[in-house]
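Thanks for sharing this one. Here are a few notes to read alongside the model.

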Protein chains: 2
Amino acid sequence: LAKTIPVTETRGGGGAPPLFERVAIVGFGLIGGSLGLAIRQTWPSSLVIAVDSKSVIETAMRMGAADVGGDDLVLAGDAQLIVLAAPVLANNALLGELAEYVAGDALVTDVGSTKRATMTAAEALPPRLPFVGGHPLAGAAASGVDAARPDLFTGRPWLLTPPLERPAPGLERLTAFVEALGALPRVTSADDHDRLLAYLSHLPQLVASALMDVVGTHAGESGLALAGRGLRDTTRLAESPAAIWRDIARTNPDHLRAALDELIETLEAVKADVGGGDAVLERVFASAAAWKRRFPPI
Amino acid sequence: LAKTIPVTETRGGGGAPPLFERVAIVGFGLIGGSLGLAIRQTWPSSLVIAVDSKSVIETAMRMGAADVGGDDLVLAGDAQLIVLAAPVLANNALLGELAEYVAGDALVTDVGSTKRATMTAAEALPPRLPFVGGHPLAGAAASGVDAARPDLFTGRPWLLTPPLERPAPGLERLTAFVEALGALPRVTSADDHDRLLAYLSHLPQLVASALMDVVGTHAGESGLALAGRGLRDTTRLAESPAAIWRDIARTNPDHLRAALDELIETLEAVKADVGGGDAVLERVFASAAAWKRRFPPI
């Protein structure tokens, strides 16, 4: 098969034999596309199979992010690793039908932003299709396959959630795979994952969207024209695709509601403090500044 | 007096005679320092007088942001333009004592983030010291004089709030001054200013701090180590100096409480929607994305 991008050596492996000869990626957006590019760069001899709509596949092929592609799940039939990279609820539905399309043995993983619902959906898979959940904590301002980059995962954590009965078949190989792509694998439970991500990722997204909604509605276009970097950065996430986030909210409602409750409580306390004493305001600013300084450099 | 930085021509004026021969800047942080640099670059022959603590003045002189400086307001005594660039409540207190230090005529302005309380405080000034409020909508990730830049105001709006009895003495000259520095002057009322800024600037700041407080407290340092660009951008403002924001909250409590109320209401509606129907979530995401796209390029 023709390779349309120059193959460069990476710290991940270069000419090393691929861990999986054939990898199928189902759902080819920012993460799926970046994964395709990273695999082709790390293991030039492995075959990347992309499954998505025809127009996405066209772009993917043009970018050199996949070797073959199409809109039929049957293409994943002889892959040794199947990566579900569609929105969470689509991944969960795919887990229910995957066994019909894949006849042999394959390791199955996903890259979704919530893990409990997906681990439950994966219980439908037969033993020849072991499942280990995955979530690369890598993002970009833009979404879609056009924004895909081979180094998206470099130096970024990649959380892995094996089923509770350990040792999980496939965990070791998936860990090696993720590591070879330059990411930092970390094993965790699905519930710990979903609770942590409610704070690290899901809450900031909802806040950015709610803030942009409120500010835009009030300031209007002429007011927004005056806004500086502060508002822009704080609402950077507000263009995120709604469909992805609807699935995340649906599959992490309890932790997300708890996180929203805490933020609302803090904002209520700040509001009560505004124009009165400054005790809450000073506590919140001091705590926020201290945490902000403890962010490791990216 | 020795000029310690190379003088370069700018679109603001170059060798044009300065609008004010002597400008005193009281409070020499990011805004005051940038103003000093911009004035010295625009009008090489004008004298910039900096008033702040001794250590700040030392830095300012080293950076070439002022010609003379010290910690005594008496230095502003013979300036023709006096710019108050300390936190809002300090500016307001200075307005009460300025007439004791300045014997002749001078135009007085400020660069504070709220305007109503400052306009009221300025009513104490004698007629020989006319006051026009000002607020350059320019910021940077860092604060303090060390972060000062001569081009901080280039292309940025600079809101001007004259007293209600117009035509305000000095408004025309201040408009020309701001324009010559490369900024975009816009005249508005103090109340319209404070309402708009509550949404454009004050609410995002409080939200960024509250979010960082809640997320840091929950995730801890090990959790934060996993966070990506989304959380970083959304909480970029969380390192802002508390003292400045305490003054802003104290002088804009009504508009700020109203803005907080609206955001809390939106977050409550989102919370009620999470895991249920998706109507609110989809409305907020669609509205936010639409407003985000309407931001003009910076």
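The points below take up one helix and then the interface between the chains.

1. A word on conventions: this is a predicted model, where local features need pLDDT of at least 70 and side-chain atom pairs pLDDT 80 or more, while totals for chains, interfaces and linings use all residues. Residues are numbered from 1 along each chain as its sequence is written, chains are lettered from A in the order written, and side-chain values use heavy atoms, without hydrogens and water.

2. Helix H9 of chain B (residues 253-273) has 21 residues, so at 1.5 Å a residue it should span 30 Å, and its end C-alpha atoms are indeed 30 Å apart. That expected span is 1.5 Å times one less than the number of residues; helices are DSSP runs of H or I, at least four residues, numbered from the N terminus. Just after H9(B), Gly275(B) takes a positive phi of about 85°.

3. Among the buried residues of H9(B) are Leu256(B), Leu260(B), Leu263(B), Leu267(B) and Lys271(B) (buried: under 20% relative accessible area, 1.4 Å probe, protein chains only). Their cover includes H6 and H9 of chain A, as well as H4, H6, H8 and H10 of chain B.

4. Lys271(B) also joins its side chain to that of Asp261(A) in a salt bridge, 2.6 Å from N to O (a Lys or Arg side-chain nitrogen within 4 Å of an Asp or Glu carboxyl oxygen). Between chain A and chain B the count is eight salt bridges.

5. How many residues of chain A are in contact with chain B? The count is 82, meeting 82 of chain B (contact: heavy atoms within 4.5 Å).

Key:
Helix = DSSP H or I, 4+ residues; strand = E, 2+ residues; numbered from the N terminus. Buried < 20%, exposed > 50% of the residue type's maximum accessible area, 1.4 Å probe, protein only.
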